[in-house]
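This report is a guided reading of one protein chain for a student who is new to structural description. Please look at the sequence and the structure shown here before reading on.

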Amino acid sequence: MIDYRLHVFRQVVEVRSLTKASKALHLSQPAVSKHIKLLEEELRVPLFVRSSTGVVPTDAGTIFLRHVQETEKSRAAVMEKLQAPVGLLTGTLRLGSSMTIASYYLPDVLVGFKAKHAAVKCEVVEGNTDLILGLLLDQRIELGLVEGPCRRREIQVRPFYQDEVIWVAAPFDPLAKVKNPSTKALLERPIISRELGSGTRRVMELALRQQGCSLSRLRIEQELPSTEAIKRMVAAGAGIGYVSRLSVKQELASGQLVEIHCATLQMKRSFSVLIPQGPDPIGIVQAFSKFVTTTTGTPGDSKSRTTSRHC
């Protein structure tokens, strides 16, 4: 019974509401309250307090949450070890992916991984680099795939693919027929940009800083949270944009968009696997991380073989 109470406890922590937890667990609210009360009686400490935003864990509740998370990880690890002798991985991988990877890289990876490990279920959360990093630090996911830089000592970064961010424009844009426009010419055009927190935007801003350009000179016409939306606005002539080369293969081939070749503003980056600092992962997390970082032949470009580093 106590194992199920841990599940109820974690659900209440995640949604910060007894009512929402009861709906998610398909229990009545009194039943959820009873599980929490019995757990508090057993532990002899209050686990939650009410606030204006719902129920929040006490200091003791926060400590107990870490215990629950470690217990769940240990149980999963034991299950995976027991299954290893027969060569079978089963269970669920909670995976976070930044948007460019989720849309243009991850689908092929999932197909290949599922072909080798058909019994594994992958739950994918999509968001920008900052969101994925936060979910990983909060232990809401077990592994992250991002294109943005990471500077957290608690996280290991394992690059696996070398990507290029390029400038694009509509065929009738003033810069479309300029052979090698200057950085100054780019900055004079309205820009359709990714939002703050996006790894793609960080790469663009870093390239500008390396050229000694002030970010205040950027003419951000519109911020958008997706590459597809940026491509559509740029194709309509609203301004120029910057996107992963992976994301515009079809548009460049069809002539819907054209690449702006600015030799002074090269924007390279690595797609990376993020995992928590500590012992090397085992089981499903280990298998997926190894598959991503060693498999060749995914979306067409060469992969980075850079060794792991801290961020």
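## A report on the predicted chain

R5 is found in helix α1. The model in which this arginine is seen is a predicted one. R5 counts as buried, because its relative accessibility is 14% and the term buried applies under 20%. Leaving aside residues up to four places away in sequence, R5 touches H35, L38, L39 and E42. A much longer span separates R5 from K231: the two are 226 residues apart in sequence, and their C-alpha atoms lie 48 Å apart in space.

### The chain as a whole

The chain has 311 residues, of which 48% are buried. Its secondary structure comes to twelve helices and twelve strands. Taken along the principal axes, the box filled by the C-alpha atoms is roughly 75 × 50 × 35 Å. Contacts across long stretches of sequence can also be counted. Among contacts between residues at least 6 apart in sequence, 76% join residues at least 24 apart.

### Strands that pair

The strand β7, residues 191-194, has parallel partners in β8 and β9. With β8, residues 220-224, the pairing runs over four bridges. Within this pairing, S193 has E223 as its bridge partner, and R194 stands opposite L224. With β9, residues 240-244, β7 pairs over two bridges. Here the bridge partner of I192 is G241. Helix α9 also belongs to this part of the description, since β7, α9 and β8 make a right-handed β-α-β unit.

The strand β11 takes part in antiparallel pairing with β5 and with β6. The strand β5 covers residues 143-146 and pairs with β11 over three bridges; L145 stands opposite V273 in β11. The strand β6 covers residues 155-169 and pairs with β11 over nine bridges; E164 stands opposite K268 in β11. The table gathers these pairings.

| Strand pair | Sense | Bridges |
|---|---|---|
| β7 and β8 | parallel | four bridges |
| β7 and β9 | parallel | two bridges |
| β5 and β11 | antiparallel | three bridges |
| β6 and β11 | antiparallel | nine bridges |

### The second largest pocket

How much space lies in the second largest pocket? The volume is about 260 Å³. Its lining is made of 20 residues, and the closest to its centre are P149, V203, K268, R269 and S270. Two elements, α9 (199-210) and β11 (268-276), each supply at least two residues of this lining. Both have been met above: α9 in the right-handed unit with β7 and β8, and β11 as a partner of β6. K268, one of the residues closest to the pocket centre, is also the residue that E164 stands opposite. By class, the lining has nine nonpolar, five polar and six charged residues.

### Three residues in loops

H117 has its place in the loop between α6 (106-116) and β4 (120-127). Is H117 buried or exposed? Its relative accessible area is 19%, which is under the 20% limit, and therefore H117 is buried. Apart from residues up to four places away in sequence, H117 touches L89 and A287.

Two arginines in loops draw attention through their backbone angles. Most residues other than glycine have a negative phi. R16, which is not a glycine, has a positive phi near 55°. R16 lies in the loop between α1 (2-15) and α2 (18-25). R44, also not a glycine, has a positive phi of about 65°, and is found in the loop between α3 (29-43) and β1 (48-51).

How do these two arginines stand in accessibility? R16 counts as partly exposed, because its relative accessibility is 36% and this class lies between 20% and 50%. R44 counts as exposed, because its relative accessibility is 76% and exposed means over 50%.

Methods
Residues numbered from 1 in each chain as written. Predicted model: local features only at pLDDT ≥ 70, side-chain atom pairs only at ≥ 80, totals over all residues. Heavy atoms only, no water. 1 Å grid on protein atoms, 1.4 Å probe; cavity = no way out; pocket = protein on both sides within 12 Å on 5 of 7 lines; lining within 4 Å. Points joined across faces, edges and corners; volume = space filled by probe spheres on them. Nonpolar A, V, L, I, M, F, W, Y, C, P; charged D, E, K, R; others polar. Buried < 20%, exposed > 50% of the residue type's maximum accessible area, 1.4 Å probe, protein only. Contact = heavy atoms within 4.5 Å. Pairing = 2+ DSSP bridges. Right-handed = clockwise from strand over helix to strand, strands pointing away.
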